[in-house]
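Student: Can you walk me through this one? I'd like to start broad and then go into a few details.

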Amino acid sequence: MKLSGGGSGHAMKQTSILSFLGKGGAAAPAPSPALQAAPKQPEAGTASPQLDPAEVSCKKRLLAAPASADVQRKREKKSPLTAEDEKTETSREDATRAATDAAEPADACTEEKSGNAEAPGKAESEANGEAQTESAAKAAAPRGGRLRKPAGDDGEEDSISEAESEHESIESDASEPSSQEGGNVAKVAASSAEGRRALEMLQKKKRSPSAGGKARAETLVSDSEGEGSSSASEESDAEAETRKRSKRPGASVLDLLCKEGRTAKLRPSPSEEAAPSEKKTGTRKKKSDEDEQLKTGTLFATRALGKEPSADLASPLFAPFQVPLESITAKPEANAKKAQDDTPAILFEVLVGAFDKIEQMKASGTGSSKKQTVILTNAFRLLLFYAPKLLHKAIYICLNKVAPDYLGQEVGVGESLILKAMAETYGRTEAHLKKELQHTEDLGRIAEQSSCKTRTLFSPPRLTIDGVFTQLKAISLCAGKDSQLHKRHLLKRLLVGAKGAEPKYIIRFLQQRMRTGASTATVYQALAFASFLTHNARDGRAAVADTRRAEGEAAAAMSAVELEEHLSRTEQSVRRALCEVPNVEVVVSHLLAGATADTLGSLCVVTPGVPLQPMLARPTRGFAEVAERLKDTAFTCEFKYDGERVQIHLMGEAAAAATAPPAAAPGRVSPARVRLFSRNLEEITQKYPDIIEMILGAFKPATRECILDAEVVAFDVEKGAILPFQTLTRRKRKDVSKDGIQVRVALFLFDCMRLNGECLLGQTLEARRAKLREAVDLHASPLVQQATYKDLDSSQDFEDFLNEAIEGNCEGLMVKTLRDNATYEPSKRSLNWLKVKKDYVEGMTDSVDLVPIGAFYGKGKRSGTFGTYLLAVFNPKDETFQTVCKAATGFTEEALQNQHKTLSDHIISHKKPYYDVTSKMEADVWFEACQVWECRAADLSISPVHTAGMGEAASDKGIGLRFPRFLRVRDDKNPEQATTSTQIIDMYLNQFRQNKTGNAKPKPERVEDEEESDEEMEKKEEDEES
C-alpha cells in the first residue's frame, strides 16, 4: 500500500492491495519505505494493544512529514512546483524517514508488544524483497495506475483486473492524518501489516509457483493457529459478525481488518462467492414471474398485507391515503361559493397525469394494456376515496363523452373553431398554427407547447375535474344563432386556465380523439377494479383505501387466486350492467351505494327508454360451417333483412311523462309512449313517425311496456315486396312529417327483451319469440310482421331457405340457437348467432364497413369528381384508421356526384396523425373520418402498400381487399364502429379454411402473387375510370 502525505491537510487516498488478496500469483504494489519499516500487527487471537497519546503522536509524525515552507506556500497558492522544488522535497522526505527509522528501537510507538518478534535479518531481507516488488509493480503499472500481470505467470489466474473492478481504490477513513484518532491509526497500521503479509505470500508464490496454493493455505492455517486462546464457537461468532458488518452500507475493508484484533479473511467463503450469482438468478426469476403475471392475470391479484403502500399510480400496491388531499385539490378562490356537498375540488391535473402515463405505455410491449389499466384504476380509486361524486364525470372524460349516447349530446367541435380559439388565447395567427400543424399533426400538442410559452399578468385559477366537465358539457349543449361564438368563448376559458399537458387533452377531447390508448373496455375494467379495491364512505362508515389491507374486509383474507377470481367477476358484472343500462352515472351510483358483483345485475336491468347494446352475429361460409359450430344443438334460421336495425321501446305512462322529448308539432305523432333507437343507440324517433303509428296500432291491449328488436326495410306496399337498402337511404333523417313521406317502410320484429316489467334477456329464444307474439298482434297490419323463420336440420333445406331469402331481396340468413345457450347477450358478437350472406359463395364471408379517409382525382369521364377513394378500417387498440384498399367501382353516376358533394365539405388540409398510411398511398385530398361505407370484395390478400393488420399475417406487410366495390353508405354507424383490423385479420385467415377443420395459414409464396394482384386491381380501376 502506498500512502503519501503532506502538510496541506487534504485527505489522502489509498490504493488498496486488500482487494487482490486471495488471488495468488498476481503482481501487487509494495508499501512505501515508511510503511515497510513499520512492525507487524499482532497475530489474530492476540489482544490488540491500546495506544497511548505518545504513541499516537509518533504515528502521526510517521504518516505525515511536514513539507518545506516554500513548497507549502506554493501548494496553498496552487502554484506549479518546479523540478528543483520536487527534488528538494523528495530529499527532505527521505531524510525524515531515515531519522524515524533510526529512532524506531527506542520509540514505544514503533515497537509492537508482540510475542512473535521477527529476526532482524529476516525483516531486512523481506524489506529488500518488498522494495524490489514495488519497483516491478511500478514498472508494470499502466498509465492510469492499474497493474498488469507480470510476464511469465501463465499458470496463474488473472485476478487483478477482476479485483480492480470491485475495489480499485478505498478512501481513507480519516479526513486529515494530523487529526486522526487512535482507532483510525490502528486501522492504518493493521492495513499496513496485512499488506506486508500479502506481499510475503506473493513473493513466496513467485519463488515456487507450484506451491502457491500451499503457501496460501499455510498462511491461513497459521493465522487460525495463532488464536490459541479462542474457541471454535468464538471464531464462528466473530466471523458471523464480520459478514454482518460487511453488508452494512458504508462498511470499508479497513473496518473489517481491525475487528477485535483479528486478521481479515484472505479469501471469501464459498457462500460469499456464490452470492452475486444467486442474486442475479433471483433477479431473473423475479423478472420471469412478473412477465408471466403480465400475460396471465391482473396485476392487482396480489396480497397487500405486510407490503409497503405506494403513492405511485402505476403500482398495484397503490394506496389512496398515501396521496395527501391538499396536494390534489385546488385552492379555494376568495369569492368562490362553498360547495353544498363539501366535495373536494380535485384538480384536472390528476386525470391528465394518468393520461400521460398511459399514453407513454401505449403499445410499449408485453403487459402494456394491463399497466394502463393499473394507472386508470388507481386514478379512479383516488376519486372514490376523496371525492366519489366526481367519479362518473372522470369516466365520461375518459370515454370522450359528456352523457350517454342515447341523449345525443355530442361534443365534437370543428377544427376551424379550435384554431380560432387557440389563436386568440395564445396570441398567435391561424396561419402559423396551420403551418405548424402540418409538421406536428397533433393540434393538442401544439396547444400544449403554446401554453408553455404564454405568460399572463396574474395566475388564473387551476382547472378542476368538475369545472372542466361542466364547461365541456356546456359546449355540447350550445345551439342556435350564436352557438359557435359561445362555444369559442367557453373553449378560451378552458385554455386560459390550462397548464402543462392539460390543453393537449382538452383539444383532443373536443376533436373526439383522446389517443391515450385506453379503450372503452379498459375504462370499464378500471371502474370494476376500483370499485372492488376501494370503498367510498357510506352508511356512516369511513372510506376504505384498499380492501386488501383493511381489517374486516373479505379481500384482506383472500389469496392471489381468489382475488383474481373476484376481480374478474366484478368486471363481468360491471360490463353487463353497462350493456343493459348504458348510462355510466346510473351504474356508478349503484356501485357507490355498495352494489357488488352479485347484486349489481339485479339493480341494473333493461328499462324502457334506455336502449341496450344490441346482440351481434358472427359471419360464416355456409351450412357446413354452421353444422360444425352448432352440432348437437337445436337452431333456427331467420331471413336477414337488408335494412336498418331499430330498437323499439314502449314506455309506461308515468315513465313517458318523465323522459319524453318536447311535444310534437301539430300533425305529427307524439313520441310520448314510443321511442326508437338505432344500432349505435342514437335516438331516431323523429325519423320514423310512420313506424310509431304502425306499432301503436299493433300492440295488444295488455301490453303496458316492452322492448323489441326489429329491422326497418323499404317496402313496396302495392306489390308487397321488400326494396333494396339504397331506397331506404333516400328518406330524410330530420324534420320528417308523416304527410311528406315518399319512401314507405315495413317493420320486421325478431326479438323481445322486456315485457310488462319482466326482463327476458336470460330466457331462451324460443321463450322470447312466444313473448313477442304475446305483446304484438302480427295480423293487425301487413307492415308489422315477425321475421320469417324456419327450424332446419339438413343441408338441402338450408340451401333452399337461403335461396328463398335471396329471392325475397334479403341479404341472407341469420342462424340462432333455439334452446341451449340461447340467451340474449347485449353487445356480444356471439357464436350463438351466425350470419350467412348471399355473397359467401363469391369469396369473402361477409361485406365490410370501411371509412373513406382520402381520395384521388378522377380522369376521363370522372373528371371533376373523385375517381378513387382510399378506404380504411379502424384499429381500436391504437385508435387509428389503417388503409385496406382503394375503391373505384360500384358507384352510379348519381352516387359519385353525391359522395363528391358530401365529402368535399369534410376536406382537411393535411392527413390526420391517426391515419396509418404508407408513403405509397398519399392521397390527393384527405377527409375527416365522417362516413362508413359498406363494401364487398373478391377476397383479401397480403399487401405491401396497405396497413390493416400490419405485421400480423406477414412481417412488414398489411392486408388489402382485392377488387373492392362500393355498396352503400351506412348511416347507422359512426367511423369507430367500422370493421376493425382484427376482424380483417380473421377474415383473411378464414379464407384458408379447408372443409370442416381447415385452419391452414397462407403460404409465404402467395405474397408475391397477391402483390401482383394489387397491381392488377390498380390497372382495372384506371380502366373503369377512363
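Tutor: We'll take the chain as a whole, then one helix, then a charged patch.

Tutor: Keep in mind that this is a predicted model.

Student: How many helices and strands are there in the protein chain?

Tutor: The protein chain has 33 helices and 24 strands.

Student: And what share of the residues is buried?

Tutor: Of the 1026 residues, 49% are buried. The accessible surface of the chain is about 49600 Å², and carbon and sulfur atoms hold 49% of that.

Student: What about contacts between residues 24 or more positions apart?

Tutor: They account for 73% of the contacts with a separation of 6 or more.

Student: OK, helix α20. Which of its residues are buried?

Tutor: E502, P503, K504, Y505, I506, I507, R508, F509 and L510. That is 9 of the 9 residues in the helix, so α20 is largely enclosed by the rest of the structure.

Student: What do those buried residues pack against?

Tutor: Other helices: α12 (348-361), α14 (391-398), α15 (415-426), α17 (443-453), α18 (465-477) and α19 (483-497).

Student: Which residue just after α20 takes a positive phi?

Tutor: Q512, with a phi of about 60°.

Student: Switching to charge. Which residues gather in the patch of negative charge on the surface?

Tutor: D793, D797, D800, E804 and E807.

Student: Where is D797 found?

Tutor: D797 sits in helix α30, which covers residues 795-807.

Student: Why does D797 count as partly exposed?

Tutor: Because its relative accessibility is 34%, and partly exposed runs between the 20% and 50% cut-offs.

Note on methods. Residues are numbered from 1 along each chain as its sequence is written. This is a predicted model: local features need pLDDT of at least 70, side-chain atom pairs count only at pLDDT 80 or more; totals for chains, interfaces and linings use all residues. Side-chain values use heavy atoms; hydrogens and water are left out. Helices (H or I, at least four residues) and strands (E, at least two) are DSSP runs, numbered from the N terminus. Buried means under 20% relative accessible area, exposed over 50%, partly exposed in between (1.4 Å probe, protein chains only). Contact means heavy atoms within 4.5 Å. Accessible areas come from the Shrake-Rupley method with a 1.4 Å probe; for residues, only the protein chains shown count as cover. Patches are made of residues with over 30% relative accessible area and no salt bridge: like charges are joined within 9 Å, nonpolar side chains (Val, Leu, Ile, Met, Phe, Trp, Tyr) within 5 Å. A salt bridge is a side-chain nitrogen of Lys or Arg within 4 Å of a carboxyl oxygen of Asp or Glu. Lys and Arg count as positive and Asp and Glu as negative; His and the chain ends are not counted. The place of a charge is taken as NZ of Lys, CZ of Arg, CG of Asp or CD of Glu.
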